[in-house]
2 protein chains.
Amino acid sequence: MSTRERLLEATQELLWERGYVGMSPKAIQREAGAGQGSMYHHFAGKHDLALAAIRRTAERMRAAADADLSGPGTAADRIGAYLRREREVLRGCPVGRLTQDPDVIADPELRRPVDELFDWLRTRLSEVVAEGVRAGELDAALDPEDTAAAIAAAVQGGYVLARAAQSAEPFEHAVRGALGLIRTKS
Amino acid sequence: MSTRERLLEATQELLWERGYVGMSPKAIQREAGAGQGSMYHHFAGKHDLALAAIRRTAERMRAAADADLSGPGTAADRIGAYLRREREVLRGCPVGRLTQDPDVIADPELRRPVDELFDWLRTRLSEVVAEGVRAGELDAALDPEDTAAAIAAAVQGGYVLARAAQSAEPFEHAVRGALGLIRTKS
DNA sequence: GTCTATACGGAGATAGAC
DNA sequence: GTCTATCTCCGTATAGAC
């Protein structure tokens, strides 16, 4: 793996673990096994590196969610697959955690990929809910946008509860609770 | 207001805005209008100050949530009141945001008040859901623990979505979506 | 109680040699 | 491309005077 690649991956890991404010260039270099000069040769600095890392992480999350939501099965199946997918719960969401970082939120460039990911996710979820309603499979009383936001929020909030407790249990409860929204019409 | 009090409040604000890793003693002193020596006279250091501030913030949140959940009205009314309460959505949750701070999560003392708050909240919410089910007011198919976790997660996740978008809208959608869980049995 | 002085390491980067 | 030197602030205190 190239040095550039190792720097990028180290940055992705550190952003996940410590956020932008908690991540130092020195730590990136240590993780990547790269020297000072090397890092500043490949990237303009911490900001530049973080921007590239955030874009990548967001793109990966999008692909993973899309695989669940555009896969086979009914609307409820696909939302269920998204909700039940295995996650590293105690590490939190690598994109969602950035919303709590003041330097990311204050910087339009850094925030943009985060914004776009969640915007896409809510839209895609609401499309799937709408399909389910149209097919008569989900309760017609469900508002697609509201339900989509609640589902996305259950996952993001599940991470919050789990990290507070240092246990995956609250996350799993939240996911099961959210599944109650799309339980098949009886 | 005493200097000690101003230091505490400044710390609460800064923890909310920047988290533990993003908050410096110097910033606390500036916000509080207190000198270096003054701060170290009243508190042992950043950690000590943060511990006192987190305990206070968590206690305030508990009292606010309890006012909604133990107020008058049916179970659905009270959960509705909790969900719809006005919040400073774009600032995020002053307690929930701490779960994304690596130094808070790594320190059992700092994490404890956060853990206790969310544990209490999920328990209290599940009691109210159980009451509603017993009263025949909520769908008997609802699992109280799962539903409680989903409701707490919708709020916490709503903050995440809202901060990503820098708009309160996704939060409001998530709350309305979560209300679907407790819509009165027809 | 509050102030000023002092300390030492780290954050975040630039410069130039190799 | 990578290395080492250097730089300027800041983070996080401690010490002792007032």
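**Exercise 1: Two helices across the interface**

In this predicted model, work out which word describes how α9(A) and α8(B) lie to each other: roughly parallel or roughly perpendicular.

*Solution.* Start by finding the two helices: α9 spans residues 169-179 of chain A, and α8 spans residues 144-165 of chain B. Next, take their geometry: they pack at an angle of about 95 degrees, and their axes are 7 Å apart. Now bring in the cut-off: angles of 65 to 115 degrees count as roughly perpendicular. Therefore α9(A) and α8(B) are roughly perpendicular to each other.

**Exercise 2: Who touches whom?**

Find which residues of α9(A) and α8(B) meet, and how they divide into nonpolar, polar and charged.

*Solution.* First, look along α9(A): A:P170, A:H173, A:A174, A:R176, A:G177 and A:A178 take part. Then look at the partners in α8(B), which are B:E145, B:D146, B:T147, B:A149, B:A150 and B:A153. Sorting the residues of this contact gives six nonpolar, three polar and three charged.

**Exercise 3: Matching the copies**

Work out what kind of axis relates chain A and chain B.

*Solution.* Try laying chain B on chain A: a turn of 180 degrees with a shift of 0.0 Å along the axis does it, with an RMSD of 0.0 Å. The two copies are thus related as by a two-fold rotation axis. In chain B, the C-alpha nearest this axis belongs to B:G157, at 1.9 Å. Finally, check the interface: 100% of the interface residues of chain B are interface residues in chain A too, so the copies meet through the same surface.

**Exercise 4: An annotated stretch**

Describe the chain over residues 24-43 of chain A.

*Solution.* Begin with the record: an unreviewed UniProt entry annotates these residues as "DNA-binding region". Then turn to the model, where residues 24-43 are 75% helix and 0% strand. The C-alpha atoms at the two ends of this stretch are 14 Å apart.

Note on methods. Residues are numbered from 1 along each chain as its sequence is written. Chains are lettered from A and ligands numbered from 1 in the order in which they are written. This is a predicted model: local features need pLDDT of at least 70, side-chain atom pairs count only at pLDDT 80 or more; totals for chains, interfaces and linings use all residues. Side-chain values use heavy atoms; hydrogens and water are left out. UniProt positions are given in the numbering used here, feature names are shortened, and annotations may be inferred rather than shown by experiment. Helices (H or I, at least four residues) and strands (E, at least two) are DSSP runs, numbered from the N terminus. Copies are superposed by least squares on the C-alpha atoms of residues with pLDDT of at least 70 in both. Contact means heavy atoms within 4.5 Å. Axes are lines fitted to C-alpha atoms, for helices over the stretch in contact, and angles run from 0 to 180 degrees between N-to-C directions. Angles under 35 degrees count as roughly parallel, over 145 as roughly antiparallel, 65 to 115 as roughly perpendicular and the rest as oblique. Ala, Val, Leu, Ile, Met, Phe, Trp, Tyr, Cys and Pro count as nonpolar, Asp, Glu, Lys and Arg as charged, and the others, Gly among them, as polar.
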